Amino acid sequence: MTGAGVVTGRRDRAELKALVAEANERFADLTAPEDAAAVLAWASTEFGDRLAVACSMAADTVVVDLVAKAHPGVDVLFLETGYHFADTLGTKAELAFALDVNVVDVMPKLTVAEQDEKYGRDLFARDPAACCAMRKVEPLAEQLAGYDAWVTGVRREDSPLRADTPLIDWDERHQLVKLNPVAAWTFDQVLAHAEEHAVPINPLLADGYPSIGCEPCTKRVAPGEDPRAGRWAGLTKTECGIHT
């Protein structure tokens, strides 16, 4: 199912910040993979339909499965940049069919054609930060304005910038609660969960793409390389800006 996300009145920021502090005390000692369920059960109770999960349709579909078990019908935010691999769009369709979720296509203000006309073709090659801002960062920020909390698939082993990712955090940029329930998981644990629970994952993961973004900006990674080395390959850029 694909539709518009639920937009409702948000709770007071001070109240949300207090919830983060309380939750960090409550879940301070949780590290095992199965502990993610406890965090998400708490989130479902606290936030209800003001909870959303963001998914790039890579390995983070496992997070969608975990959230859907705790909160069936949850909004799944997918950034429809217009540049995705066909396999990514196929994974999105599989996920929407397999799980009890509401997939929401989060659209940028400009289509690819309109962006090309305004800024020139292949802006991603000349100014990837500007392209990511228009097609990912800004649309997500606008969509998240309707929620009190969001769930991500960020994991500590992804990169040095993510090494200290907490399970529950206050997202200062978006002014809401941010949950990273698989922060402590390894890539192998993610794949094991997907296999055990028949969760659709992007087939590109088995084809040399441990981290998957837009097709023009994502390359295969050699064995032993940093999992995100294929993102914006040849540039110093390693993040789109959503989590930094």
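## A tour from the pocket to the hairpin

Start by selecting β2, which contributes three residues to the lining of the largest pocket, the most that any element gives. Keep in mind as you go that this is a predicted model.

**Stop 1: the pocket**

With β2 still highlighted, bring up the space beside it. The largest pocket holds about 820 Å³. Its lining is made of 43 residues, and those closest to the centre are Ser56, Arg162, Ser211, Arg228 and Arg231. Show these five as sticks to mark the middle of the pocket. Next, colour α3 (61-70), β2 (74-79), α7 (128-144) and α8 (187-197), the elements that each supply two or more residues to the lining. What is the chemical make-up of the lining residues of the largest pocket? Colour them by type and you will find 24 nonpolar, nine polar and ten charged.

**Stop 2: aromatic pairs**

Now display the aromatic side chains; the structure has four aromatic pairs. Select Tyr83 and Phe124 to begin. Their ring centres are 5.2 Å apart and the planes meet at 75°, and because an angle over 60 counts as edge-to-face, that is the class of this pair. Tyr83 sits in the loop between β2 and α4 (86-98), while Phe124 belongs to helix α6 (residues 123-126), so the pair ties together parts that lie 41 residues apart in sequence. Buried or exposed, where do Tyr83 and Phe124 fall? Both are buried.

Slide along to Phe85 and Tyr209, another edge-to-face pair, with 5.5 Å from centre to centre and 65° between the planes. Phe85 is in the loop between β2 and α4 and Tyr209 in the segment after α8, so many places along the chain that the pair links distant parts, 124 residues apart. Phe85 has a relative accessible area of 8%, and it is buried because that is under 20%. Tyr209 is also buried, with a relative accessible area of 8%.

Before leaving the rings, select Phe27, Trp42 and Phe47, which ring pairs join into a cluster.

**Stop 3: Asp116**

Go back to Tyr83 and look for Asp116, one of whose contacts is Tyr83. Asp116 is part of helix α5 (residues 112-119). Its relative accessibility is 15%, so Asp116 counts as buried. Which residues does Asp116 touch, leaving aside its neighbours within four places in sequence? Show Tyr83, Arg121 and Asp122 to see these contacts.

**Stop 4: His193**

Return to α8, one of the elements coloured for the pocket, and pick out His193, which is in this helix. His193 is buried, at a relative accessible area of 10%. Setting aside neighbours within four places in sequence, the contacts of His193 are Val62, Asp65, Leu66, Trp185 and Val199. For a distance to check in the viewer, draw a line from the C-alpha of His193 to that of Leu205: these residues are twelve apart along the chain, and the two atoms are separated by 14 Å.

**Stop 5: the hairpin**

Finish with strand β5 (residues 168-171) and strand β6 (residues 176-179), which pair in the antiparallel sense over four bridges. Select Trp170 and then Val177, its bridge partner in β6. In a regular strand, side chains alternate between the two faces of the sheet. What joins β5 and β6 in the hairpin, and which turn residue has a positive phi? Four residues lie between the strands, and Gln175 in the turn has a positive phi of about 60°.

Methods: Residues are numbered from 1 along each chain as its sequence is written. This is a predicted model: local features need pLDDT of at least 70, side-chain atom pairs count only at pLDDT 80 or more; totals for chains, interfaces and linings use all residues. Side-chain values use heavy atoms; hydrogens and water are left out. On a 1 Å grid over the protein atoms alone, a cavity is a set of points where a 1.4 Å probe fits but cannot get out, and a pocket is an open set with protein on both sides within 12 Å along at least five of seven lines; lining residues have an atom within 4 Å of a point. Grid points are joined across faces, edges and corners, and a volume is the space filled by probe spheres set on the points. Ala, Val, Leu, Ile, Met, Phe, Trp, Tyr, Cys and Pro count as nonpolar, Asp, Glu, Lys and Arg as charged, and the others, Gly among them, as polar. Rings of Phe, Tyr and Trp (its six-membered ring) pair if their centres lie within 6.5 Å; planes under 30 degrees apart count as stacked, over 60 as edge-to-face and the rest as tilted. Buried means under 20% relative accessible area, exposed over 50%, partly exposed in between (1.4 Å probe, protein chains only). Contact means heavy atoms within 4.5 Å. Two strands pair if DSSP finds at least two bridges between them.
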